[in-house]
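Trainee: I have the sequence and the model open. Can we go through the labels one by one? I want to know what stands behind each.

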Amino acid sequence: MDFMSNSSRNQRRFRTFNVIDDFNREALGIDIAVSLPAGRITRYLDKLSQYIVIH
């Protein structure tokens, strides 16, 4: 898991939250937003864990 930030051509900044499988370098999930508060991250991880268990 890691955060990254960047900006668009019009200089609007955004952040990404990346979940990567270190074994096979597969991106399990990426959440992109202008703001990524802790509550949003925990909901995203919960949703991602349910998806991974099902598939």
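Trainee: Where is Arg25 found?

Mentor: Arg25 sits in the loop between β2 and β3. Keep in mind that this is a predicted model.

Trainee: Why is Arg25 called exposed?

Mentor: Its relative accessible area is 64%. Exposed means over 50%. Arg25 is therefore exposed.

Trainee: What makes the phi of Arg25 worth a remark?

Mentor: Phi of Arg25 is near 60°, which is positive, and the residue is not glycine. Most residues other than glycine have a negative phi.

Trainee: Which other turn residue has a positive phi, and in which hairpin?

Mentor: Gln11, in the turn of the β1 and β2 hairpin, with a phi of about 70°. Gln11 is likewise a residue other than glycine.

Trainee: Is Gln11 buried or exposed?

Mentor: Exposed. The relative accessible area of Gln11 is 60%, and the cut-off is over 50%, so the label holds for Gln11.

Trainee: What makes β1 and β2 a pair?

Mentor: Two strands pair if there are at least two bridges between them. Strand β1 (residues 2-7) and strand β2 (residues 13-21) are joined by six bridges. So β1 and β2 count as paired, and they run antiparallel.

Trainee: Which residues can I click on to see that pairing?

Mentor: Try Ser5, whose bridge partner in β2 is Arg15. Then try Asp2, which stands opposite Asn18 in β2.

Trainee: How do you know that β2 and β3 pair?

Mentor: By the same rule: at least two bridges are needed. β2 and strand β3 (residues 26-33) have seven, in the antiparallel sense. Among the facing residues, Thr16 stands opposite Ile32 in β3. Phe17 has Asp31 as its bridge partner in β3.

Trainee: How many residues lie between the strands of each hairpin?

Mentor: Five between β1 and β2. Four between β2 and β3.

Trainee: What is the order of elements along the chain?

Mentor: From the N terminus, β-β-β-α. That comes to three strands and one helix.

Trainee: Take Asp46 in that helix. Why is Asp46 called partly exposed?

Mentor: Asp46 lies in helix α1 (residues 38-54). Its relative accessibility is 48%. Buried means under 20%, and exposed means over 50%. The value for Asp46 falls in between, so Asp46 is partly exposed.

Trainee: How far is Asp46 from Arg13?

Mentor: 26 Å in space, C-alpha to C-alpha, and 33 residues in sequence.

Trainee: What does the radius of gyration say about the whole chain?

Mentor: The chain has 13 Å. A compact globule of 55 residues would have a value near 10 Å. The chain does not match that globule value. The C-alpha trace spans about 40 × 25 × 15 Å along its principal axes.

Trainee: How much of the chain counts as buried?

Mentor: 20% of the 55 residues. For each of those, the relative accessible area is under 20%. The accessible surface of the chain comes to about 4,600 Å², with 54% belonging to carbon and sulfur atoms.

Trainee: What share of the contacts joins residues at least 24 apart?

Mentor: 15%, counted among contacts between residues at least 6 apart in sequence.

Trainee: Last one. How far apart are the mean positions of the positive and negative charges?

Mentor: 14 Å, for 8 positive and 6 negative charges.

Technical notes
Residues numbered from 1 in each chain as written. Predicted model: local features only at pLDDT ≥ 70, side-chain atom pairs only at ≥ 80, totals over all residues. Heavy atoms only, no water. Helix = DSSP H or I, 4+ residues; strand = E, 2+ residues; numbered from the N terminus. Rg over C-alpha atoms; globule rule 2.2 N^0.38 Å. Buried < 20%, exposed > 50% of the residue type's maximum accessible area, 1.4 Å probe, protein only. Contact = heavy atoms within 4.5 Å. Areas by Shrake-Rupley, 256 points an atom, 1.4 Å probe, with all protein chains shown as cover. Lys, Arg positive; Asp, Glu negative; His and termini not counted. Charge placed at Lys NZ, Arg CZ, Asp CG, Glu CD.
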